[in-house]
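Welcome, and thank you for opening the viewer. Have your selection tool ready, and we will take the stops one at a time.

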Amino acid sequence: MTYLRYTAFIPLYPIGVGPGEMWTMYQALPFVKERGLYSGFFAKFSMSYHSFLVGVLLCYPLLWLKLYLHVFKQRKSKLGKGGRKKRA
């Protein structure tokens, strides 16, 4: 079960991020701009929520890559022990 947990993310995580999260944010941009969502909160920062989402979408691949590589490190530390279980 541990092997499946730390191996299934390899194809599933990019699928969830690309077509899942990023595509959903991109599709929401016109809706956010049209409705002026969170305009009161973001007025304090002299920017709109739409601009914030565009910035997040631009930074997301770089931030995602860091998280994805971190999970590979976790996988190596868990599965690299030759199958020995650690008891608490």
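Begin by selecting residues 49-79, which form helix H3, and find Phe52 within that helix. Keep in mind as you look around that this is a predicted model.

**Stop 1: a patch on the surface**

Is Phe52 buried or partly exposed? Its relative accessible area is 36%, so Phe52 counts as partly exposed. Now add Phe31, Leu37, Tyr38, Phe41, Phe45 and Met47 to your selection: together with Phe52 they make a nonpolar surface patch of about 680 Å².

**Stop 2: two unusual loop residues**

Stay with Tyr38 from that patch. Tyr38 sits in the loop that runs between H1 and helix H2, residues 39-42. With a relative accessible area of 53%, Tyr38 is exposed, because the cut-off for that word is over 50%. Check the backbone here too: Tyr38 is not a glycine, yet its phi is positive, about 55 degrees. Why is that worth a pause? Because most residues other than glycine have a negative phi.

A glycine is waiting close by in your tour. Select Gly36, just after H1, and you will find a positive phi of about 65 degrees.

Next, go to the loop between H2 and H3 and pick Ser46. Here is another residue other than glycine with a positive phi, this one near 50 degrees. Its relative accessibility is 72%, so Ser46 counts as exposed.

Ser48 belongs to the loop between H2 and H3 as well. At 33% relative accessibility, Ser48 is partly exposed. Try a distance label from Ser48 to Gln27: the two are 21 residues apart along the chain, and their C-alpha atoms are separated by 17 Å.

**Stop 3: along helix H1**

Select residues 2-35 to bring up helix H1. Where does this helix bend? Look at Ile10, where there is a kink of about 45 degrees, shortly before the proline Pro11.

Now color the buried residues of H1, which are Tyr6, Thr7, Phe9, Val17, Met25, Leu29 and Val32. If you show H3 again, you will see part of their cover, since what covers these buried residues of H1 includes H3.

**Stop 4: the core**

Which residues make up the largest nonpolar core? There are 11 of them: Phe9, Val17, Met25, Leu29, Val32, Leu53, Leu57, Tyr60, Trp64, Tyr68 and Val71. The elements that each give two or more residues to this core are H1 and H3. With 6 residues, H3 gives the most.

Two members of the core are good places to zoom in. Start with Val17: leaving aside residues up to four places away in sequence, Val17 touches Met22, Tyr60 and Trp64.

Then move to Leu57, found in helix H3. Is Leu57 buried or exposed? Leu57 has a relative accessible area of 13%, so it is buried, because buried means under 20%. Show its neighbors, again leaving aside residues up to four places away in sequence, and you will find that Leu57 touches Met22, Met25, Tyr26 and Leu29.

For a last label, join the C-alpha atoms of Leu57 and Glu21, which are 9.6 Å apart in space and 36 residues apart in sequence.

To finish, show the two ends of the tour together: the partly exposed Phe52 and the buried Leu57. Phe52 is in H3, and so is Leu57.

Terms used:
Residues are numbered from 1 along each chain as its sequence is written. This is a predicted model: local features need pLDDT of at least 70, side-chain atom pairs count only at pLDDT 80 or more; totals for chains, interfaces and linings use all residues. Side-chain values use heavy atoms; hydrogens and water are left out. Patches are made of residues with over 30% relative accessible area and no salt bridge: like charges are joined within 9 Å, nonpolar side chains (Val, Leu, Ile, Met, Phe, Trp, Tyr) within 5 Å. Accessible areas come from the Shrake-Rupley method with a 1.4 Å probe; for residues, only the protein chains shown count as cover. A salt bridge is a side-chain nitrogen of Lys or Arg within 4 Å of a carboxyl oxygen of Asp or Glu. Helices (H or I, at least four residues) and strands (E, at least two) are DSSP runs, numbered from the N terminus. Buried means under 20% relative accessible area, exposed over 50%, partly exposed in between (1.4 Å probe, protein chains only). A nonpolar core is a set of buried Ala, Val, Leu, Ile, Met, Phe, Trp, Tyr and Cys residues joined through side-chain atoms within 4.5 Å. Contact means heavy atoms within 4.5 Å. The bend at a residue is the angle between axes fitted to the seven residues ending there and the seven starting there.
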